[in-house]
Amino acid sequence: MSVFTEFSRIARSFAPQTAIVLGSGLGGVTAGFSEVATVSFADVPGLVQTTVQGHHGRIAVGHWHGTPTLLFLGRLHFYEGHSQDAVTAPIRRAADLGVKRLILTNAAGGIHPSLNPGSLMAICGHIKLIGPNAWRTLAVGTAVKMPYSSRLLERMCLLAGVYAALTGPCYETPAEIRAYAASGVDAVGMSTALEAEAAAELGMEVAAISCITNKAAGLSAAPLDHTEVLVNAKLAVDQLAALLGELIK
Ligand code: HPA
């Protein structure tokens, strides 16, 4: 029996209704999670190993404060050279395992003046500047709604803002950030939008939370780098852990 077949057997016996995707440096929120089984992305058909520092690239099943939960520790990014089908493959695996609700988390740069390192933003809409759409079945010209659930947005009681999903892997120029700010963007990152669209298309209820790890380029004197992102991601860990605990109840 393959490693994934055995993992799937255990995961199905748990019947997790919720999956959580943990973004860069956010692995530390799992204190409330008791893991029962895990599989590396590399052992899951259709998934590849992530290459990004701070992303482990594995799926775990277990209980989050007593609630059966599927947890993705790390994700696949468009900027690693993966197609949108590869980036959204973990979401389809979650749907195969019976998941009905998806909570996406990411590290993001804050543009809205109140978004400082360590704060959280609930995503209420996105501007997807990453390649083509993840929707697979829409006819030409179909109107699409934002994939984020208003019920979950209300439950989060956080500042709700617009996330711009960018191709990366480099950060933005200050001029780009000024343009995004003028277009109504509150936070910038390099993930989440494709996964949210794929999940909504699969009929899942979707929530997404940005953990602000830095002021976006040009908005602070501090130099921007991935190490800073990983260090600052830890600032939001306690608040994020509490929020996830509430959402999966
Ligand atoms: N820009 C894009 N992605 C990010 C940032 C940023 O400033 N911070 C964390 N992920």
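In this predicted model, a backbone N or O atom of Gly 109 lies 3.3 Å from a nitrogen atom of the ligand, and this pair is a good place to begin looking at how the protein surrounds its guest. Side chains make such approaches too: a polar side-chain atom of Glu 172 is 2.9 Å from a nitrogen atom of the ligand, while for Asn 214 the corresponding distance, again from a polar side-chain atom to a ligand nitrogen, is 2.7 Å. Taken alone, the ligand would expose 260 Å², and the protein buries 96% of that area.

Where does the ligand sit? The space that it takes is the largest pocket. Around the ligand we find, besides Gly 109, Glu 172 and Asn 214, the residues Ala 107, Ala 108, Tyr 171, Val 188, Gly 189, Met 190, Thr 213 and Val 229. Sorted by character, this shell divides into six nonpolar residues, four polar ones and one charged one.

The shell can also be read by the elements that supply it. Strand E5, which spans 101–110, strand E8, at 187–189, and strand E9, at 205–215, each provide at least two of its residues, and the largest share, three residues, comes from E5.

Finally, we may ask how confident the predictor is. The protein averages a pLDDT of 91, and 94% of the residues score at least 70. Among the elements, strand E8 has the highest mean pLDDT, 98, whereas helix H6, residues 226–233, has the lowest, 84. Where pLDDT is low, the predicted coordinates should not be read in detail.

How values were computed. Residues are numbered from 1 along each chain as its sequence is written. This is a predicted model: local features need pLDDT of at least 70, side-chain atom pairs count only at pLDDT 80 or more; totals for chains, interfaces and linings use all residues. Side-chain values use heavy atoms; hydrogens and water are left out. A residue is near a molecule or strand if one of its heavy atoms lies within 4 Å of it. A polar contact is a pair of N or O atoms within 3.5 Å; within protein, one must be able to donate a hydrogen and the other to accept it, and residues adjacent in sequence count only if both atoms are side-chain atoms. Accessible areas come from the Shrake-Rupley method with a 1.4 Å probe; for residues, only the protein chains shown count as cover. On a 1 Å grid over the protein atoms alone, a cavity is a set of points where a 1.4 Å probe fits but cannot get out, and a pocket is an open set with protein on both sides within 12 Å along at least five of seven lines; lining residues have an atom within 4 Å of a point. A molecule sits in a cavity or pocket if more than half of its atoms lie within 2 Å of its grid points. Helices (H or I, at least four residues) and strands (E, at least two) are DSSP runs, numbered from the N terminus. Ala, Val, Leu, Ile, Met, Phe, Trp, Tyr, Cys and Pro count as nonpolar, Asp, Glu, Lys and Arg as charged, and the others, Gly among them, as polar. pLDDT is the predictor's confidence in each residue, from 0 to 100.
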